[in-house]
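The following exercises concern the fold, the strand pairing and selected loop residues of one protein chain. Each task is followed by a solution in steps.

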Amino acid sequence: MPTVTFKNLKNKKIVVPEGSNLRREAHKNGIPMHSGIHQYLNCHGNGMCGSCRVIVKSGGEQLKRKGWWEKILLLLNPMWLFARIGHEKDMTLACQTRVNGDCEIESTPPMNWSGEEFWV
C-alpha cells in the first residue's frame, strides 16, 4: 500500500489504499487540506474551488491527475490560476488526484499574492 508523506507537517506519513483519492484519505487521517476560510467554504472535493491544492515534492509519477479538469478550472477560477504561478508542473488539486504509489506532498501551500514569480 502506498505511503504519502506530508513534508510541511513534520514528515507525517499516512498509508493509503492504491488508487485512493488524496483529499479524501488526508481528511480521514486528520491532515488539513484547506487553509483559512476555505476550511469551511470549499467545494467538498468536486474540483471547483482550487483550495485543496498541493505541491508534489517527489513521486509525481505515482499520482494520477485529472489534467483536463484542472485546465478548465484554470480558465474558470482565477484563484487557481494565480496559485499555480511558479508551480505549474508540480501543483495539483488533491481532490482530483489518485495515489498509486509512494509520494511526498506539501499541503496548503501559500498563495503567491506578491507576484514575485509572475513575470519570471
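Helices (H or I, at least four residues) and strands (E, at least two) are here DSSP runs, numbered from the N terminus. The model under study is predicted.

**Exercise 1. Determine how many helices and strands the chain has, and in which order they occur.**

Solution. Step 1: the assignment yields 3 helices and 8 strands. Step 2: read from the N terminus, the elements follow the order β-β-β-α-β-β-α-α-β-β-β. Step 3: the radius of gyration is 13 Å, close to the 14 Å that the globule rule gives for 120 residues, so the chain is as compact as a globular protein of that length. Step 4: the C-alpha trace spans about 40 × 30 × 30 Å along its principal axes.

**Exercise 2. Characterise the burial, the contacts, the surface and the charges of the chain.**

Solution. Step 1: 43% of the 120 residues count as buried, the cut-off being under 20% relative accessible area. Step 2: among contacts with a separation of 6 or more, 67% join residues 24 or more positions apart. Step 3: the accessible surface comes to about 6900 Å², and carbon and sulfur atoms contribute 56% of it. Step 4: there are 16 positive and 11 negative side chains, with the centres of the two sets 6 Å apart.

**Exercise 3. State the strand order of the open sheet of 3 strands and identify its edge strands.**

Solution. Step 1: the order is E3-E7-E5, and the pairing is antiparallel. Step 2: strand E3 (20–21) and strand E5 (63–65) each pair on one side only, which makes them the edge strands. Step 3: E5 is joined to strand E7 (residues 97–99) by 3 bridges. Step 4: within this antiparallel pair, Lys64 is placed opposite Arg98 in E7.

**Exercise 4. Establish in which sense E1 pairs with E2 and with strand E8.**

Solution. Step 1: strands of a sheet pair through backbone hydrogen bonds, in either the parallel or the antiparallel sense. Step 2: E1 and E2 are antiparallel, with 4 bridges, and Thr3 faces Val15 in E2. Step 3: the two strands form a hairpin with 5 residues between them. Step 4: E1 also pairs with strand E8 (residues 103–107), here in the parallel sense over 3 bridges. In that pairing Thr5 stands opposite Glu104 in E8.

**Exercise 5. Locate Lys10 and His44, and decide whether each is buried or exposed.**

Solution. Step 1: Lys10 belongs to the loop between strand E1 (3–6) and strand E2 (12–15). Its phi is positive, about 55°, although the residue is not a glycine. Step 2: the relative accessibility of Lys10 is 81%, and Lys10 therefore counts as exposed. Step 3: His44 is found in the loop between helix H1 (22–28) and strand E4 (53–58); phi of His44 is likewise positive, near 60°. Step 4: His44 has a relative accessible area of 58% and is thus exposed.

**Exercise 6. Describe the surroundings of Met48, and state which residues Met48 touches beyond four places away in sequence.**

Solution. Step 1: Met48 sits in the loop between H1 and E4. Step 2: its relative accessibility of 42% makes Met48 partly exposed, the class between 20% and 50%. Step 3: beyond four places away in sequence, Met48 touches Cys43, Trp69, Leu73 and Asn77. Step 4: Met48 and Trp80, 32 residues apart in sequence, have their C-alpha atoms 9.4 Å apart in space.

Technical notes: Residues numbered from 1 in each chain as written. Predicted model: local features only at pLDDT ≥ 70, side-chain atom pairs only at ≥ 80, totals over all residues. Heavy atoms only, no water. Rg over C-alpha atoms; globule rule 2.2 N^0.38 Å. Buried < 20%, exposed > 50% of the residue type's maximum accessible area, 1.4 Å probe, protein only. Contact = heavy atoms within 4.5 Å. Areas by Shrake-Rupley, 256 points an atom, 1.4 Å probe, with all protein chains shown as cover. Lys, Arg positive; Asp, Glu negative; His and termini not counted. Charge placed at Lys NZ, Arg CZ, Asp CG, Glu CD. Pairing = 2+ DSSP bridges.
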